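Student: I have a structure to look at and some questions about it. Can we go through them one by one?

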Amino acid sequence: MNCGRLQVKIKRVCPRKRSRGGLKSPEPAGGRRWSSGPESPEPAGGRRWSSGPESPESPEPAAGRSAGEGGSPRCSTGRRSSSIMDEAAAPEVSDGSDPVNNLINQSRLQDGDQTSTPSRTPTEAAQETREDRTRRRRSVADQLKRTMLGNAAAPAGVSRTAALKEAVVSEEMSVAMETVSAGGTDLGPFFGLPSRVKELMLKLRGISSLYDWQQTCLNLDCVQQRRNLIYSLPTSGGKTLVAEILILRELLCRKKDCLFILPYISLVQEKVRGLASFGLELDFMVEEYAGSKGRFPPVRRRNHRSLYVATIEKAHSLVNSLIEAGRLEELGLLVVDELHMLGDGSRGAVLEMTLAKVQFMSKTTQIIGMSATLGNIRDLQTFLRAENYSDDFRPVQLKEFVKVNDTIYEVDPKEENCFRFSRLLNFKYSSSMQKVDPDHIIALVTEVIPTHSCLVFCPTKKNCENVAQMICRYLKEEFLQHHEADKSVLLRQLKEAGNGSVCPVLSRTVPYGVAYHHGGLTSEERRLVEEFYSGGALCLLACTSTLAAGVNLPARRVVLRSPYVASDFLKRSQYKQMVGRAGRAGIDSVGESILILQDKDRSLDFLRWTLLFVQQQHLCVDRSLTEVLQQSVDFLKDKDLITEDAHSLKVTKLGKATYKGSVDLTYSDVLYRDLSRGLEALLLNSYLHLVYLVTPYDLVPQCKPDWMVFFRQFTLLSAAEQKMSAAVGVPESFVARKAAGQTVKTVNAVVGRMYLALVLLSVLKDTDLWSVAQRFQLSRGFVQTLLSSSSAFCSCVLHFSEELEELWPFRALLAELTRRLSYCVKAELIPLMEVAGVTESRAKQLYNAGYRTPTHLANADAAALSRSVEHLYRRQANQIIASARVSLSSETVTAERELDSGFYRDAGLFGPDVGQPKDHRTDILEG
């Protein structure tokens, strides 16, 4: 619909008024008045509803003329009536409580649809009886009440231009909803969405048009008919935008909730921040389900639809809660990014179970899957009952190379062995330099930096740091002058994020525009490195494979240090994700990837071997599916999660608690045993006992205790805390013997778990990751991973204990501990930390600048906020303000819902579906 050509005509029927003897009341400034013609002047600051030129065929009622108007042939609507009773006596006139709806409804009227009230003759008026007058007075009183209620609910301060614009958007929404419900092929202004969405895409994303493949995909029959779809394109091809358009269409047109599944917490948080502005502009909720965040089941919102952005595990819990509440039909669309995660061990099993449940329990939920690497597409199509769309489109051409010694080969499938000689490296190496850099990494990266960017993927975290330092050792002095001011800012912000400390490796490499990126950095350090790399201050990152699966950081050249990830051989999906980072749309004309092979890896057809290996993998190779199923049932029975009788399987209480808490099946019985024993002598004057109970089991093998540190920290515990440690199986004598170097026969998982609990207790007391990491001789990244994992596991244990009556004391205790572990900051900063995108250092800056609650942020001006907080750019300020408004809006809707639920419950007005008031009209009729 073209907004410029929309003509909105609004007609008002002139009300009957009794003559007032020519008395007129003045028009109040800023008031609302009704004008019947263009000659009426506009009141200052008020709204004006014009009905346009009058229809000459409409007779003017004689009773509507005022004596002061001299029998004017048109109704005097250019002034306000001297009595509110006059307006209340006209039931045909809108009370103005919903001006936008009035605009929409009246814009559809044509000139021929105009009506007017028939005039009454003096004879008919004289025949009115006393009873008629009494009845009319009653109707006037009723109308007066309705008018006053309408005036109270009427919005104030809305300009006529804004109302007209809103009318256009609402009209387009109506057309889109009618098109979707009718199943037509006319998609409307923007693929079934109002043109407002297209404007927001340009304003918020800078997207003015779609790629050809995106338009083709959105116009597929299966998309229009809401059938399941799997689409696959290379990395950076624009897959996510298609999914977002489909999500917006589901939210706005079909009025259904949506679930967006992403593999990692960082991706969930990034997507929540990116979609928050769309939610504010288009009136839907964006809810984060990652870590400890998310409600199960989600709040049912009366007038708002919700987009749930969740990790794989949280999405499974969300679907479980919707199934149990009988609300899965509210979910209209489920989108899975990185669909190839189905083959990723235990996480793939969780994702598969989520999709299977949705397909089995809901016949109306559409499933959309996307990925850059799908080897067994036919199996996935059969599993999801989906159609497939694939394309090899890339906005930037990708050239893949393999380097063996000093020779580079280009990957060319047309060649017999898939490789073609490209060139020899032309870089002079000294004998000492050759020993330090036998893989010629310096030669490969200096061909592109600092003019262009480069990523070097390394097999281990330590290798990332070593490669970054080695490269800087041989770079020229001119690299120090490239973006020198920006690099100084980065070092200063890294120091602030580290509470005065900076990683010594980064302090040496950042001046050259080089940094490393892996899980050993804190989230704040990773964010800063990513931000300054995207801005151009950093030109090279030495990183692990996790960067390829995380945020989008493209580069002109990608170098793969070896065909291994740790000690495991590189998978095809991992390789495709890494090389997919080569080529920046709109910046580079071509992207390059170079895989470095040693002599032992010289088999030049290894890429074909890897692809063949992926394609030949099957679920059941050595035994039948029936045997696999029976083995799984036996496992669940051994864990006391289910029982089996002659006819069926039944879930035990422990099984239901495991299901509700999304606890790993391997540890469910161990967790129940630990919690039950903990109740026998629960230590409440310290956090140590509770922290020990929520320390994740799967992190214990990743940390080997330093026994001297362990003993030193153990001696600092109180007598009660040491007694608690001995009760769980770690007495002081054991730790002392280990610290003295004595041989102890067995060291079980309880010892490692207690060591990690001491780390967490120190973080809760100190809230400084740097000092805690140094105290326990651990990396900062591991300490932060331990903290975030414990927060998520604490939330799981809380839901686990809620299903078991004997564990009731943990319900209140773990709720507060979850909050403490989630943010691990001083109490006054917690409200600010609840705003998406606000880190600890940023929360401190905002608090010191006077922004101490989400309400302050929601009402802030972006320019003022950017000026008052150091290093806060305008774009970041807008994101923080949008996130704060989304957070407040969500809390408001939740509070209203809980308030309404309490009112209806107290009044006994709930029907069979708890949460929905029952209709009492039938009770009134029957009574």
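Tutor: Yes. Remember that this is a predicted model. We start with helix α12, where Arg347, Gly348, Leu351, Thr354, Leu355, Lys357, Val358 and Gln359 are buried.

Student: Which elements do the buried residues of α12 pack against?

Tutor: Look for heavy atoms within 4.5 Å. The buried residues of α12 have such partners in strands and in helices. The strands are β4, β7 and β8, and the helices are α11, α13 and α25.

Student: How far does α12 reach from its first C-alpha to its last?

Tutor: Helix α12 covers residues 345-361, which makes 17 residues. At 1.5 Å a residue, 24 Å is expected. The model comes close to that, with 25 Å.

Student: Now the open sheet of eight strands. Which are its edge strands?

Tutor: The order is β12-β11-β10-β19-β16-β13-β15-β14, with mixed pairing. An edge strand pairs on one side only. That leaves β12 (419-424) and β14 (514-517).

Student: In β19, what is the bridge partner of Leu560?

Tutor: Strands β16 and β19 run parallel, and four bridges join them. Leu560 falls within β16, residues 557-560. Its bridge partner in β19 is Leu595.

Student: Which strands does helix α22 touch?

Tutor: Helix α22 spans residues 572-579 and packs on the sheet. Its direction makes about 145° with that of β16. The strands it touches are β10, β13, β16 and β19.

Student: Arg226 forms a salt bridge with Glu250. Is Glu250 buried or exposed?

Tutor: The closest N and O atoms of the pair are 3.1 Å apart. Arg226 has a relative accessible area of 22%, so Arg226 is partly exposed. Buried means under 20%. Glu250 is at 3%, and therefore counts as buried.

Student: Where does Lys639 lie, the partner of Asp669?

Tutor: The two form a salt bridge, with the closest N and O atoms 3.4 Å apart. Asp669 lies in helix α26, and the pair ties together parts that are 30 residues apart in sequence. Lys639 itself lies in the loop between α24 and β20.

Student: Which residues do salt bridges with shared partners join into one network?

Tutor: Start with Lys660 and Glu324, which form a salt bridge at 3.1 Å between the closest N and O atoms. Lys660 is in helix α25 and Glu324 in helix α11, 336 residues apart. The network consists of Glu324, Lys656, Lys660 and Glu803.

Terms used:
Residues are numbered from 1 along each chain as its sequence is written. This is a predicted model: local features need pLDDT of at least 70, side-chain atom pairs count only at pLDDT 80 or more; totals for chains, interfaces and linings use all residues. Side-chain values use heavy atoms; hydrogens and water are left out. Two strands pair if DSSP finds at least two bridges between them. Helices (H or I, at least four residues) and strands (E, at least two) are DSSP runs, numbered from the N terminus. Axes are lines fitted to C-alpha atoms, for helices over the stretch in contact, and angles run from 0 to 180 degrees between N-to-C directions. The expected span of a helix is 1.5 Å times one less than its number of residues. Buried means under 20% relative accessible area, exposed over 50%, partly exposed in between (1.4 Å probe, protein chains only). A salt bridge is a side-chain nitrogen of Lys or Arg within 4 Å of a carboxyl oxygen of Asp or Glu.
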